[in-house]
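Visitor: Before we go through the assignments one by one, could you show me the model and tell me how each label is earned?

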Amino acid sequence: MSEQVPFTIEQFCKWASQGKMMGGKCKKCGKIQFPPRPLCDNCLSQEFEWTEIPTKGKLLTYTVIHVAPTQFQSIAPYAVGIVQFENGSKLPGMIKGVSLEQIKIGMPLTMQFEACATTGQWPQWPRYHFKPS
Amino acid sequence: MNGKPLVSIVSAGLSKFGKLEGLYTREIFALAAKEAYDRCPKLDPKKDIKALFVGHMGESYEHQGHTGATVADWAGLLHVPATRTEAACASSGAGLRAGIYAVLSGLCDTVMVGGVEKMTHRSTAEVTEYLAMASDYPFEQWNGITFPGLFALMATAHMNAYGTTEKDLAMVAVKNHYHGSMNPKAQIQKEITLEQALSSRVVAWPLKLYDCSLITDGASCVIITKSELARKYTDTPVHIIGSGQASDTIGLYERESFTSLRAAKIAAKQAYEMAAVKPEDVDLAEVHDCFTIAEIIAYEDLGFCKPGEGAKLVESGETRLGGRIPVNTSGGLKSKGHPVGATGTAQAYEMYLQLTGQADKRQVKDAEIGLAHNLGGSGATAAVHVYRRA
Ligand SMILES: CC(C)(COP(=O)(O)OP(=O)(O)OC[C@H]1O[C@@H](n2cnc3c(N)ncnc32)[C@H](O)[C@@H]1OP(=O)(O)O)[C@@H](O)C(=O)NCCC(=O)NCCS
Ligand SMILES: [Zn+2]
């Protein structure tokens, strides 16, 4: 993993399309930037190394969305939550593969990578969701 | 600073809030500006107003950007320096802060600060999409998270941490609809029952229809001036004695806590210190109840009660008109309505009415100190201002 690979959101997506979740570890202060960023918000350094983020974590909070934006109307209601991975990093995402009533704060979840979004209104980025571990 | 006025409000205006069919953004703003002009006959708007700051969140609604110049012209202020301030639902709260910068810099003696949004001509799905633009695009919007969804994530976390219930949330709605029933400019001037609120349809669980603010057209403005000049224009100015503004991560998920908003706490601390005022000195507040949970969290962030005790505070009735610290006497975003860009200065308008004794049926007796708390997005912006009767 060479230093030429930029520490950007686009690069996060490229890793995701290879089934990997990667963050940038600041070489100066050690803070893990996840999603990766080109400038460390803690020490303002631009020197990072890639570090793999565990895909297993637990659910911190969630909601079930009934009134959805245009792009998501056809799949409503759907559950979204914020997951904290085993290293402490966090991401929001949809929760699938479990009935809505069975979702509980604290439940173990694992990230699943998906193919690109197909609706024309959204960029053709790889997607992900969470499912029970 | 020590509670001395930073600037003074000499006039204020508010359009009717609601579905203003047939009116464009600029026309709605003109209604608010006209009220402010009429309330302050000693001020010559064309001569005295040296700048305009206008909060406006979304150009998608009307396919119209460049709001500063547009509304300046329609408000009869052609050629004044006019700037749009954008900080999502805190656009005009942040604009008020910008106006204070302008006056305190010495560059302008008197400025108009306002806000406007025209939303109701769009479908709910479109509005939901446009509002979500104030959240993180790559990780929140992209995963289908909406504004009600973000506050629902906070509500679930608050319920889990402190035992707050859906009934507690509904009590905020019942109170604010009661207040709104006394505000002739509110979008919904109707009381609701607890049962009605609890049985309303789910928008983003645990938030239901009556936990959500409204989709609204409306505009608001205040005219602020150097405090030494205030008496030249009016015998009843209202002083702004504290101002705080802070930002936070755009993504809710990046924050340490989902049950408290750091930006609001920082902004409140700044404003309280500048004003030399403590939470217990506040006689009334307008807080950003975009969702019922936001009002409960606001009580805690503003120090009206301890963390986790927001639900108890609403249950106690102390935040209802007649209580120790009435909150959202205007009806709040819940019942008065939430034309997002206009909300910050609409709060200032309520402060102006209350602290000059013009709030009619919803007047808080002997109100001396007021506070307004305006959030942008899921709390990535917060603006807090403290007001004092002159
Ligand atoms: C809650 C929400 C989704 C409801 O929209 P909707 O499902 O399209 O509802 P409709 O516009 O069809 O309205 C249906 C009825 O409910 C009423 N209503 C709509 N929203 C309401 C609300 N939030 N509270 C109470 N009543 C509401 C309408 O007045 C209408 O009543 P009527 O039939 O007597 O005329 C919408 O109001 C909303 O998105 N609110 C949140 C806005 C927001 O996020 N703002 C930014 C916050 S940061
Ligand atoms: Zn660093």
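Guide: What follows takes up the contact between the chains, the ligand site, a helix and some strand pairings of a predicted model.

Visitor: What makes residues of chain A and chain B count as in contact?

Guide: The criterion is that the C-beta atoms of two residues, placed from the backbone, lie within 7 Å, and by that criterion 25 residues of chain A are in contact with 28 residues of chain B. Strands E4 (56–65), E5 (78–85) and E6 (90–95) of chain A each supply at least two residues of the side that touches chain B, and the largest share, 6 residues, comes from E4(A).

Visitor: How is that side of chain A divided by residue class?

Guide: The side of chain A that touches chain B has 18 nonpolar, 6 polar and 1 charged residues.

Visitor: How do you know that E4(A) and E5(B) pair?

Guide: Pairing requires at least two bridges found by DSSP between the strands, and E4(A) has 2 bridges with strand E5 of chain B, residues 202–205, in the antiparallel sense; the requirement is therefore met. Within this pairing, Val64(A) has Trp205(B) as its bridge partner.

Visitor: What makes E5(B) and E6(B) a pair as well?

Guide: The argument is repeated here, since E5(B) and strand E6 of chain B, residues 207–208, are joined in the antiparallel sense by 2 bridges, where at least two are needed. Ala204(B) is bridged to Leu207(B), and the two strands form a hairpin with 1 residue between them.

Visitor: Why is the site of ligand 1 called shared?

Guide: The site is called shared between chains because residues from both chain A and chain B surround ligand 1. Of the 17 residues around the ligand, those that come nearest are Val67(A), Thr124(B), Phe147(B), Cys212(B) and Cys290(B). Helices H5 (124–132) and H6 (147–162) of chain B are the elements that give two or more residues to this shell, with H5(B) giving the most, 3 residues. By class, the shell has 13 nonpolar and 4 polar residues, and no charged ones.

Visitor: Why is H1(B) described as largely enclosed?

Guide: A residue is buried if 20 or more other C-beta atoms lie within 10 Å of its own, and 11 of the 15 residues of H1(B) are buried, so the helix is largely enclosed by the rest of the structure. Among the buried residues are Ile28(B), Phe29(B), Leu31(B) and Tyr37(B), together with Arg26(B) and Glu35(B). The cover over the buried residues includes strands E1 (7–14), E2 (52–55), E4 (110–117) and E7 (218–225) and helices H2 (45–48) and H3 (67–74) of chain B.

Visitor: How do you know that the span of H1(B) is close to the expected one?

Guide: Helix H1 of chain B, residues 25–39, reaches 22 Å from its first C-alpha to its last, set against the 21 Å expected at 1.5 Å a residue.

Visitor: What makes E2(A) and E3(A) edge strands?

Guide: The open sheet of 3 strands in chain A has the order E2-E1-E3 with antiparallel pairing, and E2 (32–33) and E3 (48–52) each pair on one side only. Strand E1 of chain A, residues 22–26, pairs with E3(A) over 5 bridges, and Gly24(A) has Trp50(A) as its bridge partner there.

Technical notes:
Residues are numbered from 1 along each chain as its sequence is written. Chains are lettered from A and ligands numbered from 1 in the order in which they are written. This is a predicted model: local features need pLDDT of at least 70, side-chain atom pairs count only at pLDDT 80 or more; totals for chains, interfaces and linings use all residues. Helices (H or I, at least four residues) and strands (E, at least two) are DSSP runs, numbered from the N terminus. Ala, Val, Leu, Ile, Met, Phe, Trp, Tyr, Cys and Pro count as nonpolar, Asp, Glu, Lys and Arg as charged, and the others, Gly among them, as polar. A residue is near a molecule or strand if its C-beta atom, placed from the backbone, lies within 6 Å of it. The expected span of a helix is 1.5 Å times one less than its number of residues. A residue is buried if 20 or more other C-beta atoms lie within 10 Å of its own, exposed if 12 or fewer, and partly exposed in between; C-beta atoms are placed from the backbone.
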